[in-house]
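Student: Could we go through this model together, with the general idea behind each feature and then the case at hand?

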Number of protein chains: 2
Amino acid sequence: MTPEKNDELIKALLWRYATNKFDPHRKIDDATWNTLEQALILSPSSYGLQPWKFIIVQNPELRQKLRTVSWNQAQITDASHLVVFAAKDHVDESYIRRYIEKMATIRAITIESLAKYEAVMVRDFKSRSPENIRSWSARQCYIALGQVLTAAAVLGVDACPIEGIIAAQYDELLNLKDSGYSTCFVAAFGHRNLDDPFSKVAKVRFEVGDVVERE
Amino acid sequence: MTPEKNDELIKALLWRYATNKFDPHRKIDDATWNTLEQALILSPSSYGLQPWKFIIVQNPELRQKLRTVSWNQAQITDASHLVVFAAKDHVDESYIRRYIEKMATIRAITIESLAKYEAVMVRDFKSRSPENIRSWSARQCYIALGQVLTAAAVLGVDACPIEGIIAAQYDELLNLKDSGYSTCFVAAFGHRNLDDPFSKVAKVRFEVGDVVERE
């Protein structure tokens, strides 16, 4: 890898911060937004099961309503794009079969050739409690969050992940009630307002020795 | 953003896959590994609290032992670098104070000026059960995983995240018992073995309409 590539990436990750104030007039261009959607879709997940929905909310009235159940945080309405991350409630045999069918189609192989892989997944998820599956799928959503935040930084797009929302109210406003998915958190994307004071302060990290151990 | 930047990023994310077989002879060069460490350290987390330890295991004997409690998965020993992600068990007032002190030092401001922010965090974590805090910190580790996997793809480094480990045995082998941190999962980094059949098959994703909704 070229040294420039390393420097460029570290620079992007240092540039990134949880944007407190977006410029409501600056929209993300279509090509860049499409890349961020691809980053979401291509996110890694356990077994590749993609137990998520990414709900992109662009309707201003709906954004306003979501803001009222997000402690009135301005990023919800002011950001260029808002993504609600919803996690799958159940992973059952029919969902796993749907994934296996997709794999067979994409790779042009038989479903039978995937029988062992399918059985491993079915056995795994049958052994888990509903709460365990729900927390597993929520964790996968956080991988997608990490991927898209990093992708945004690389592309020079600002972002703010927000856990401080009333998830049940999101489920209601987004009609998720009987969808099999539940809201986890949201992330707002756009461009920072140049007068956001948080854009000017240094990133706070513990010492390397506090978070990295070598064995 | 330049169109080249978008194409380059999508190409990197398509190139990435959960590496099944590493080339045990190809090591990640120091500058690139350092960048990946920075990607871990700079990962976003809720409140910026960094409730994690990244344990980089390079000792071959220890890797061999970890492999025996990881369903004998070869990536554990064959990858160039192995990172164990451990999540913080508790977030209490003293930890929050340590973070506030760090923030005051780095930003050259007084601890008093951060009193409100500190109080919000203390109130939040006091209201949570130990299980809730543990699962919160585990989720933050998954953000770091998403960030470092994306960073690796951008740098042309292969990786394999592994949830299939016996976490309690990892805690024992890594002496985490009384550390206040517990093993969540691991990720192996290196370069793919060119004969890894999984490197040659197409990525499997559901249709865009299955995972993306627009409101």
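Student: Which residues does Phe85(A) touch, not counting residues up to four places away in sequence?

Tutor: Before the answer, some conventions: this is a predicted model, in which local features need pLDDT of at least 70 and side-chain atom pairs count only at pLDDT 80 or more, whereas totals for chains, interfaces and linings use all residues. Residues are numbered from 1 along each chain as its sequence is written, while chains are lettered from A and ligands numbered from 1 in the order in which they are written. Two residues touch, or are in contact, if their C-beta atoms, placed from the backbone, lie within 7 Å. With that criterion, Phe85(A) touches Trp52(A), Phe54(A), Cys141(A), Ala144(A), Leu145(A), Cys184(A), Phe185(A) and Val186(A), leaving aside residues up to four places away in sequence.

Student: Which residues touch the most other members of the largest nonpolar core?

Tutor: The general idea is that, in soluble globular proteins, nonpolar side chains tend to be buried together. A core here is a set of buried Ala, Val, Leu, Ile, Met, Phe, Trp, Tyr and Cys residues joined through C-beta atoms within 7 Å, and a residue is buried if 20 or more other C-beta atoms lie within 10 Å of its own, exposed if 12 or fewer, and partly exposed in between, with C-beta atoms placed from the backbone. The largest core has 100 residues, of which Phe85(A) and Phe85(B) touch the most other members. Over chain A as a whole, 40% of the 215 residues count as buried.

Student: How many helices and strands does chain A have?

Tutor: Helices (H or I, at least four residues) and strands (E, at least two) are DSSP runs, numbered from the N terminus. Chain A has nine helices and five strands, in the order α-α-β-α-α-β-α-α-α-β-α-β-α-β from the N terminus on. Among its contacts with a separation of 6 or more, 81% join residues 24 or more positions apart.

Student: What is the order of the strands in the sheet that ends in strand 5 of chain B?

Tutor: In general, strands of a sheet pair through backbone hydrogen bonds, either parallel or antiparallel, and here two strands pair if DSSP finds at least two bridges between them. The sheet is open, with five strands in the order 3(A)-4(A)-2(A)-1(A)-5(B) and mixed pairing. Strand 3 (158-162) of chain A and strand 5 (212-214) of chain B are its edge strands, each pairing on one side only. Neighbouring strands are turned by 25 degrees against each other on average, direction ignored, where axes are lines fitted to C-alpha atoms, for helices over the stretch in contact, and angles run from 0 to 180 degrees between N-to-C directions. Helix 7 (residues 130-155) of chain A packs on this sheet, touching strands 1, 2, 3 and 4 of chain A, and its direction makes about 155 degrees with that of strand 2 of chain A.

Student: Which strands of this sheet run antiparallel, and how many bridges join strand 2 of chain A to strand 4 of chain A?

Tutor: Eight bridges join strand 2 of chain A to strand 4 of chain A, an antiparallel pair in which His81(A) stands opposite Phe189(A). Strand 3 of chain A is likewise antiparallel to strand 4 of chain A, through five bridges, with Asp158(A) opposite Gly190(A). Nine of the 10 residues of strand 4 of chain A are buried. Across the chains, by contrast, strand 1 of chain A and strand 5 of chain B pair in the parallel sense over three bridges, and Glu213(B) is the bridge partner of Ile55(A).

Student: What rotation superposes chain B on chain A?

Tutor: Two copies of a chain are related by a rotation about an axis and a shift along it. Superposed by least squares on the C-alpha atoms of residues with pLDDT of at least 70 in both, chain B falls on chain A by a rotation of 180 degrees with 0.0 Å of shift along the axis (RMSD 0.0 Å). The two copies are therefore related as by a two-fold rotation axis.

Student: How many residues of chain B are in contact with chain A?

Tutor: On the side of chain B, 64 residues are in contact with 65 residues of chain A. Helix 7 of chain B gives the largest share of that side, 14 residues.
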